[in-house]
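I opened the model and kept notes as I went. Short entries follow, in the order I looked things up.

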Amino acid sequence: MTLTIRVNDLDVNLQTICDLLCEGKCIGLPTETVYGLAADATNGRAVARIFEMKGRPKFNPLICHVSGMEMAREYGRFDPVSEKLAQAFWPGPLTIVLPLAEGTKVHPLVSAGLDTIGLRCPEGPARDVIASFGKPLAAPSANRSGKISPTTAKHVSQQFPDAELMIVDAGRCAVGIESTIVKIDDGNICLLRPGAITSEMIAEVSGVIPVATVSNKIEAPGMMESHYAPDAAVILNCDSCPSDAALLKFGNRMPNAASPVSLNLSETGDLVEAAANLYAYVKQLDESGISKICVEPIPMEGLGIAINDRLTRSAAPRGIT
């Protein structure tokens, strides 16, 4: 069964957590984006345990979480553009896909056999754990593969009720959706997954406008067409909602909807608030037992691009890779 410890007690449990990681165990670790299922990125058996627990396809790479630039340079080769982005946005919700450093000790399962590695320096207790452990952690979202990402410790324990898993409880994640992922290629920036670090923010720092990927190749997490999915069917951009469906609102578009159960991502239309509420609210509506979730339109601008990306993948036909 799972064991939850409060983040306030992290210091007294830090050695225990490091011991578990040394033994090849996984832990539930909070970041500013979502909760991760973390294990030693240099230990093949530990990384394999992540895939086993999540039921995750092994062609889907994992993000390698580091404590800072010094550790990052041991595993990835930075160019001037990626260096500039890391300096501006780390620690924070940006993952940078880089060529693997020569002689890197990260296990090939983390990169799914690719010659690149996705690196991120998280903010908060996860960074403290990595610094104390002294090695990077592979840490995809702590949920069954393809399901709704967890933004609280309770969500993690619900996903793995029978697992021997220590979970660090830091409350609700501040950002609420996974990190932005970019890949630098000959000075160009390819946006592999949108997130809280927007294209506009990246362009302002780098002087390069990111271009969304058009490749079907899985180069980073979150690129499968069907992902982040509840059990209920998700219907997007709804201007009306039938009485047999749940409603995920944004703003006040349908004040008199007939839906028996509804939640509002942000009554004021705040995209930051909407992102922080997204997964928790979809999960809550899904647990109502209703078979359909109607979603009101969300603007395709700023953080709304990332929110729409997650919703589009949650609405895709199930089983598509």
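**Lys-183.** I started with Lys-183, which lies in strand β9. Helices (H or I, at least four residues) and strands (E, at least two) are DSSP runs here, numbered from the N terminus. Is Lys-183 buried, exposed or partly exposed? I read 22% relative accessibility, so Lys-183 counts as partly exposed. The classes are buried under 20% relative accessible area, exposed over 50%, and partly exposed in between (1.4 Å probe, protein chains only). I also took a distance to Gly-207: 24 residues apart in sequence, 15 Å apart in space, C-alpha to C-alpha.

**Ground rules.** This is a predicted model, so I noted the filters: local features need pLDDT of at least 70, side-chain atom pairs count only at pLDDT 80 or more, and totals for chains, interfaces and linings use all residues. Residues are numbered from 1 along each chain as its sequence is written, and side-chain values use heavy atoms, with hydrogens and water left out.

**Confidence.** pLDDT is the predictor's confidence in each residue, from 0 to 100. I found a mean of 90 for the protein chain, with 93% of its residues at 70 or more. Where is confidence lowest, and where highest? The lowest mean, 80, belongs to strand β1 (residues 3-6). The highest, 98, belongs to strand β7 (residues 137-138). A reminder to myself: where pLDDT is low, the predicted coordinates should not be read in detail.

**Sheet of 11 strands.** I traced an open sheet of 11 strands in the order β1-β8-β2-β3-β7-β4-β6-β5-β9-β10-β11, with mixed pairing. Strands β1 and β11 (211-212) stand at the edges with a single partner each, so one side of each has no neighbour in the sheet. Two strands pair if DSSP finds at least two bridges between them.

I then followed β9 to both sides. Strand β5 (residues 94-99) runs parallel to β9 (residues 180-185), joined by four bridges. On the other side, β9 is joined to β10 (residues 188-193) by five bridges, antiparallel. Val-182 serves as a handy marker: Ile-96 stands opposite Val-182, and in β10 the bridge partner of Val-182 is Leu-191. Elsewhere, β3 (residues 35-40) pairs with β7 in the antiparallel sense over two bridges. There, Ala-39 has Ala-138 as its bridge partner.

**The β9-β10 turn.** The hairpin has two residues between the strands. Asp-186 sits in this loop. I checked its backbone: phi is positive, about 55°, although Asp-186 is not a glycine. Asp-186 is exposed, at a relative accessible area of 74%.

**Helix α7 and helix α4.** Helix α7 lies across β5, β9 and β10, at about 155° to β10. Axes are lines fitted to C-alpha atoms, for helices over the stretch in contact, and angles run from 0 to 180 degrees between N-to-C directions. Which helix did I find crossing α7 (residues 199-206)? Helix α4 (residues 80-89): the two axes come within 10 Å and cross at roughly 115°. The contact (heavy atoms within 4.5 Å) is made by Val-81, Lys-84, Leu-85, Ala-88 and Phe-89 of α4, and by Met-201, Ile-202, Val-205 and Ser-206 of α7.

Past α4, I found a cis peptide bond between Trp-90 and Pro-91, with omega about -10°. Pro-91 lies in the loop between α4 and β5.

**Sheet of four strands.** A second entry under sheets: an open one of four strands, ordered β12-β15-β13-β14, with parallel pairing. The edge strands are β12 (233-235) and β14 (262-264), each pairing on one side only. The twist averages 20° from one strand to the next. Three bridges join β12 to β15 (residues 292-295), and Val-234 stands opposite Ile-293. Helix α8 (residues 271-286) packs on this sheet, touching β13 (246-249), β14 and β15, and its direction makes about 165° with that of β13.

In the loop between β12 and β13 I noted Asn-237. Asn-237 also has a positive phi of about 55° without being a glycine.

**His-155.** Last look-up: His-155, in helix α6 (residues 153-159). At 11% relative accessibility, His-155 counts as buried. Not counting residues up to four places away in sequence, His-155 touches Pro-150, Ala-280 and Lys-283.
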